[in-house]
Each structure stands twice: as structure tokens, then as C-alpha cells.
Amino acid sequence: MRRPLLAGNWKMNTSLTEGVDLVEALIEQLGAVTDHEIVVCPPFTVLGALAPLLAGTSVQLGAQNMFYAANGAYTGEISPLMLREIGCVYVILGHSERRQYFGEDDALINRKALAALEHGLRPIVCVGEVKAERDSGRAEEVVVQQLRGSLQNIKPEQMQNLVVAYEPVWAIGTGDTATPADAQSMHATIRHTLAELSDAATAQTIRIQYGGSVKADNVDELMAQPDIDGALVGGASLKASDFVRIVRFQ
Ligand code: PGA
């Protein structure tokens, strides 16, 4: 009932030419995939070149960040309207790298999530604990707090356009992944929290992605878990054949 959502987070990688080459390879190798939803999130500078290439394909466009205002004196920022205009359907918000290097907190991420929904973008809101929090047994508490802070005041009818990505920070870019059982346990906690923030029926419709060193050789066992509805893929989304294998998980 929840359509799996596989998204590539290219981070601050790819020149214009590299981005175009990657998407052309993806389209060619993917063929028609209709049962899974596929998104690529390139840097802002590449979005405009990719939009016409992706039109009419099964690959949708997403951005990696945005500001909450529609326009105005916010030097260096990109608004939800700009992302809509260029063809984005999704936007990643509150990635741990934004939290760590740019000081984003749950209150800011909440404003961004509300703005994204208001302007018809689907936010992929990222949550996840750091290693010390997991080691001290506080992972669930931290993730629940991030969810409650980032998803305040979202109306139940807007909730189904939201995606949550659980990305344990210690698993990002490290080659370490949560075990499928640990990931499932956190995803179940997240769904329970989403039910508290909306209602049980709505929570059943919300996709919860796992992220953190998802690769071609571990995606199948992660996706076999009942509450894992997709993957947010960094490093492995930069190589077309790897991402295609991930999208075609079994
Ligand atoms: P990774 O990154 O797949 O390279 O670990 C995931 C992410 O940061 O979204």
C-alpha cells in the first residue's frame, strides 16, 4: 500500500556535464519502473539542466535543501517557489549534514517543512542519532524528539505528502549500516510517533526511508522489513549501475 520511494542524494557532487551523464545513464538503464517511485536530488546548479531530460520518465526531481520564505532579502537562499518552478517534486530537509555544518535545528526544519507543504513540495524530513546517542541507549528518545520538533503543526491531511528518512548519523558515508532489525525497530517507533502526531490511519500511509550506507548488496534485506518503505542513498547514487540495482531491489 505504501509505494517504495528510492531517492538519490547527490550532495555537493557532480558538475553540469557529470549530472547530465549520470541521469542519461540512469534513464537508459532503468527502463520503465512503475512499481517504485524514483527521485534524484542533484545540486541546485544542475536542477535546470536535468528537468527537461527527466520529463516523461519515471525519475522525479528533488532538491537537497531550501529556505522557508517564498521570496525576499535572504541572500544565497532558494525558495520553495523556485524549486517548484524548476520542476522539483521533493525536497530533502534537515539532513544531518545541514544540522551538523549549518546549525539547522528542529525549529528551523519545522518552518521549512511547513513551507514546503504549503507550496506543494513533498518534504523528506531527515532524523537520526549520532554514535554516542546510540551507544548510550538514547537513540529512540533523540529521534522521537527530532520528529516532534520538526513536524509540529502539520495538518493530518498534509502528513501523507511527507516522507521521513531515518538516517543514523554514524551510518552515513561510513560503510556501517544499521542491522535490518535495528532499522525496523526504529522505523516502527517513528511510525508510532507519526500516529501520535496525526492518527493511526494516516501514519500507515507515510513513507519512512532508511538512509546510511545503503548499497546494492544490503538494500534487499533492508527493504524486506515491514516499516522500511524506501531508501535515501548518498554515495551509491552517484554510480548509475549501483543506483539502478538499488531501485530494483528484490
Ligand atoms: P550514504 O549517504 O548513502 O553515502 O551513506 C546517505 C545520506 O546522507 O543521505
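**Exercise 1.** In which helix is M82 found? Classify the residue by its accessibility.

*Solution.* M82 belongs to helix α3, residues 80-86; helices (H or I, at least four residues) and strands (E, at least two) are DSSP runs, numbered from the N terminus. The model is predicted: local features need pLDDT of at least 70, side-chain atom pairs count only at pLDDT 80 or more, and totals for chains, interfaces and linings use all residues. Residues are numbered from 1 along each chain as its sequence is written, and side-chain values use heavy atoms, with hydrogens and water left out. Buried means under 20% relative accessible area, exposed over 50%, and partly exposed in between (1.4 Å probe, protein chains only). M82 has a relative accessibility of 41%, and therefore counts as partly exposed.

**Exercise 2.** Describe the strand order of the barrel and the packing of helix α2 on the sheet.

*Solution.* Begin with the strands: 8 of them form a closed barrel in the order β1-β2-β3-β4-β5-β6-β7-β8, with parallel pairing. Two strands pair if DSSP finds at least two bridges between them. From one strand to the next, the twist averages 25 degrees. Helix α2 (residues 44-54) packs on this sheet and touches β2, β3 (59-63) and β4 (88-93). The direction of α2 makes about 165 degrees with that of β3; axes are lines fitted to C-alpha atoms, for helices over the stretch in contact, and angles run from 0 to 180 degrees between N-to-C directions.

**Exercise 3.** Locate the buried residues of helix α12 and name the elements that they pack against.

*Solution.* In α12 (residues 240-247), the buried residues are A240, F243, V244, I246 and V247. These residues lie on the same side of α12 because they cover an arc of only 160 degrees around the axis, the arc being that of the directions from the helix axis to the C-beta atoms. They pack against β1 (5-9), α1 (16-30), β2 (37-41), α11 (219-223) and β8 (230-233), where contact means heavy atoms within 4.5 Å.

**Exercise 4.** Characterise the environment of E129.

*Solution.* E129 is placed in the loop between β5 (122-127) and α6 (131-135). With a relative accessible area of 0%, E129 is buried. Its side chain makes polar contacts with the side chains of R134, at 2.7 Å, and Y166, at 2.9 Å. A polar contact is a pair of N or O atoms within 3.5 Å; within protein, one must be able to donate a hydrogen and the other to accept it, and residues adjacent in sequence count only if both atoms are side-chain atoms. Not counting residues up to four places away in sequence, E129 touches several residues, including V142, W170 and M186.
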